[in-house]
Amino acid sequence: MTTTYYEHDFDNLILMYDEVCNWFSGLGFEYSKNRYGIYKRFFQKFIDLAEGKIVEDDLLGFKRSFDNAYIEVNEIIRIKNCLSNIEVSEFLDQVKKITSGQEFRGNTDNDQARDFLFELSIASRFIQAGYSVTLNGICDVVVDLVDDGMLFVECKRVKSEAQIEKNVKKANKQVLKRISSEKSSKVHGLVAVNITDLLPKTNMLYPDSQSAATAIHRGVSNNYVKARLDRFSAGSKNKCFGIMVESQIMNYLSDKALKNGFIYSRHTEYLPYTENSIFKRLAPKLSNQDIIR
């Protein structure tokens with residue numbers, strides 16, 4: 001599959017995030033009182049620092065906060081743009097829950113807000129690929145594949161390396177239980193795993209382009225997954241397509257002439273359990289999706 005690189009300057013990102021905040025308000029969620037209000041303030045502080053309006057004594061602390069905000073903002077923009085084009089009432093509870101989390105990911109083992117965020121992220125991939133989804137079933141995400149039947153997706157956001165095998169096994173068991181409850185033979189499963197918190201840090205590498213940054217991300221993800229294939233294949237079931245491994249990174253660009261000196265990259269690995277024509281057709285549609293579509 002040919003990779004398309006989507007670039008958005010910081011001004012454009014801020015405008016898109018303003019739309020997200022207005023969307024939250026329209027749904028009855030006051031963003032200024034939750035973590036998304038914190039991210040908005042960090043964005044404004046970055047602008048003030050860049051324009052010399054203020055001075056920051058703890059630049060490393062601010063960088064950590066800004067880097068975290070940049071990833072979170074990119075992800076919620078993509079979700080908002082998908083959900084705003086459909087009837088959002090079905091997803092309202094999930095949207096409300098994702099606003100309640102802590103500012104930083106990884107600060108707690110029990111981070112339900114980001115667990116729900118990952119479910120909405122996976123649902124958004126399928127919506128953007130042209131499929132109808134449901135999030136109120138036994139499985140995390142239920143996808144109508146039309147002529148190919150139904151797909152039940154279990155989503156696991158893995159926060160430590162020791163949890164990979166345990167979470168994948170649990171997801172496969174949940175998928176099999178859901179499939180077994182259906183009378184139709186045209187039912188399939190998929191395990192979606194997010195490993196953002198596990199990947200080695202790349203923010204000391206300074207690529208000179210979007211494509212170089214994506215290549216770094218792809219290489220780090222490929223190496224991490226390949227070294228742990230047995231864990232990602234734990235508890236595999238015949239009715240399950242396999243594993244979709246997703247991650248996000250934020251990185252800085254070395255070319256100071258670029259208007260936007262940092263990038264957001266989202267990468268997906270596919271680990272099929274068996275050869276399956278439906279999964280082969282599906283995987284490209286779920287990949288390489290721009291945040292503004």
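This passage walks through some strand pairings, the nonpolar cores and one buried histidine in a predicted model.

Take the strands to begin with. Strand 1, covering residues 132-134, runs antiparallel to strand 2, residues 141-144, and the two are held in register by 3 bridges. Within that pairing, S132 sits across from D144 of strand 2. Strand 2 also pairs with strand 3, which spans residues 150-157; this pairing is again antiparallel and counts 4 bridges. Here V143 faces L151 of strand 3. The hairpin formed by strands 2 and 3 leaves 5 residues between them, and V146 in this hairpin adopts a positive phi near 60°.

Strand 3 leads on to the packing. The largest nonpolar core comprises 60 residues, and F126 and V153 have the most contacts inside it. Helix 3, residues 59-83, is the top contributor to this core, supplying 11 residues. As for V153, its contacts beyond four places in sequence take in I122, F126, C139, D140, V141, V143, L190 and A192. There is also a second core, separate from that one, with 19 residues; A171, V193, Y224 and I249 are among them.

I249 turns up once more around H217, a residue of helix 7 (residues 210-226). Once neighbours within four places in sequence are set aside, H217 contacts L199, S247, Q248, I249, S265, R266 and H267. Is H217 buried or exposed? With a relative accessible area of just 1%, H217 falls under the 20% cut-off, so it counts as buried.

Technical notes:
Residues numbered from 1 in each chain as written. Predicted model: local features only at pLDDT ≥ 70, side-chain atom pairs only at ≥ 80, totals over all residues. Heavy atoms only, no water. Pairing = 2+ DSSP bridges. Buried < 20%, exposed > 50% of the residue type's maximum accessible area, 1.4 Å probe, protein only. Contact = heavy atoms within 4.5 Å. Core = buried A, V, L, I, M, F, W, Y, C linked by side-chain atoms within 4.5 Å.
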